[in-house]
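Trainee: I would like a close look at a single part of this model, with its surroundings explained step by step. Please keep the terms plain.

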Amino acid sequence: MLTKQEVKTILNHKVQLIRFDLMTYQSCKALIKAVDEQIQREKSVSLEAMPPTDAIVGGKLTGAKATEFDSAVEGLAITLADLNSERAGYIKTVERVDRMLEKLSETDRNIIRMHFLEGKTRNMLSSELGYTFDGIKSKIRRILKKMAKNS
């Protein structure tokens, strides 16, 4: 059985992980888009590397063009696998944050979105939402702990 201090330490660690996920959420979404674009570019380049039709005899590539083409296809497969693996990591972060946000009340979700996803400072939030600075600071901390307990 865990002691109260161990539970508190674990919860604080989860809160820090959630903070990191929230801070990287927008970057992950942008990186997913960038990786998707890179995948499309890689596929386009591979189509340009297709050998001329005169290197195809009886439906098969012949000579040096066959080796060149096989190397290009193998390189593309490795590149696409790496890009898809990278993309999968970004998607996991985005989906994890989306699931956590769905579990919050609308008010809590808006506060987290405004602070972490839109980059509004606690000063901005306190004046926009009518909280004191310490009040919004405490509110964010409570929401993060709630997210950690529910994750």
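Trainee: Is D21 buried or exposed, and what is its relative accessible area?

Mentor: A word of caution comes before the answer: this is a predicted model. D21 is buried, with a relative accessible area of 8%. The cut-off for calling a residue buried is under 20% relative accessible area, so a value of 8% for D21 falls on the buried side.

Now the location. D21 sits in helix α1, which spans residues 4–48. Leaving out residues up to four places away in sequence, D21 touches T93, R96, V97 and M100. With one of these, R96, the side chain of D21 makes a polar contact of 2.6 Å.

The next residue along is L22. Again not counting residues up to four places away in sequence, L22 touches V97, I112, F116, L117, L144 and M147. V97 is therefore on the contact lists of both D21 and L22. L22 also belongs to the largest nonpolar core, which has 30 residues. Along with I112, L144 and M147, L22 is among the residues with the most contacts inside that core. Four helices each supply at least two residues of the core: α1, α2 (63–102), α3 (106–117) and α5 (133–150). The largest share, 9 residues, comes from α1.

It helps to place this in the whole chain. There are 5 helices and 2 strands, and from the N terminus on the elements run α-β-β-α-α-α-α. Of the 151 residues, 28% count as buried, and D21 is a buried one. Among contacts with a separation of 6 or more, 66% are between residues 24 or more positions apart. The accessible surface of the chain comes to about 10,000 Å², with 55% of it belonging to carbon and sulfur atoms.

Further along α1 there is another aspartate to look at, D36. Side chains of opposite charge can pair when their charged atoms come close. D36 and R87 meet through their side chains in a salt bridge, at 2.4 Å from N to O. Since D36 lies in helix α1 and R87 in helix α2, the pair ties together parts that are 51 residues apart in sequence. D36 is partly exposed, with a relative accessible area of 29%, and R87 is also partly exposed, at 24%.

A search of the whole structure finds 6 salt bridges. Another of them joins K139 and D108, whose closest N and O atoms are 3.1 Å apart. K139 is in helix α5 and D108 in helix α3, so this pair ties together parts that are 31 residues apart in sequence. Both K139 and D108 are buried. They also belong to a network of salt bridges that links D108, K139 and K146.

D108 leads on to the rest of α3. The buried residues of this helix are D108, I111, I112, M114, H115, F116 and L117. Three of these names, I112, F116 and L117, appeared above as contacts of L22. Just after α3, G119 takes a positive phi of about 80°. K120 and E118 meet there in a side-chain salt bridge of 3.9 Å, N to O.

After that comes helix α4, residues 122–129, where L125 is found. L125 counts as buried, at 0% relative accessibility. Its contacts, leaving aside neighbours within four places in sequence, are I111, M114, H115, K120, G130, I136 and I140. L125 and M114 are 11 residues apart in sequence, and their C-alpha atoms are 7.7 Å apart in space.

E128 lies in α4 too, but E128 is partly exposed, at 44% relative accessibility. Not counting residues up to four places away in sequence, E128 touches M114 and K120, and a polar contact of 3.1 Å joins the side chains of E128 and K120.

Last, the other end of the chain. L2 is found in the segment before α1, and L2, V7 and I10 make a nonpolar surface patch of about 260 Å². To return to the request: D21 is a buried residue of helix α1, and its side chain has a polar contact with that of R96.

Definitions and conventions:
Residues numbered from 1 in each chain as written. Predicted model: local features only at pLDDT ≥ 70, side-chain atom pairs only at ≥ 80, totals over all residues. Heavy atoms only, no water. Core = buried A, V, L, I, M, F, W, Y, C linked by side-chain atoms within 4.5 Å. Buried < 20%, exposed > 50% of the residue type's maximum accessible area, 1.4 Å probe, protein only. Contact = heavy atoms within 4.5 Å. Salt bridge = Lys/Arg side-chain N within 4 Å of Asp/Glu carboxyl O. Patch = residues over 30% accessible without salt bridge, like charges linked within 9 Å, V, L, I, M, F, W, Y side chains within 5 Å. Areas by Shrake-Rupley, 256 points an atom, 1.4 Å probe, with all protein chains shown as cover. Polar contact = N/O pair within 3.5 Å; in protein donor to acceptor, adjacent residues only side chain to side chain.
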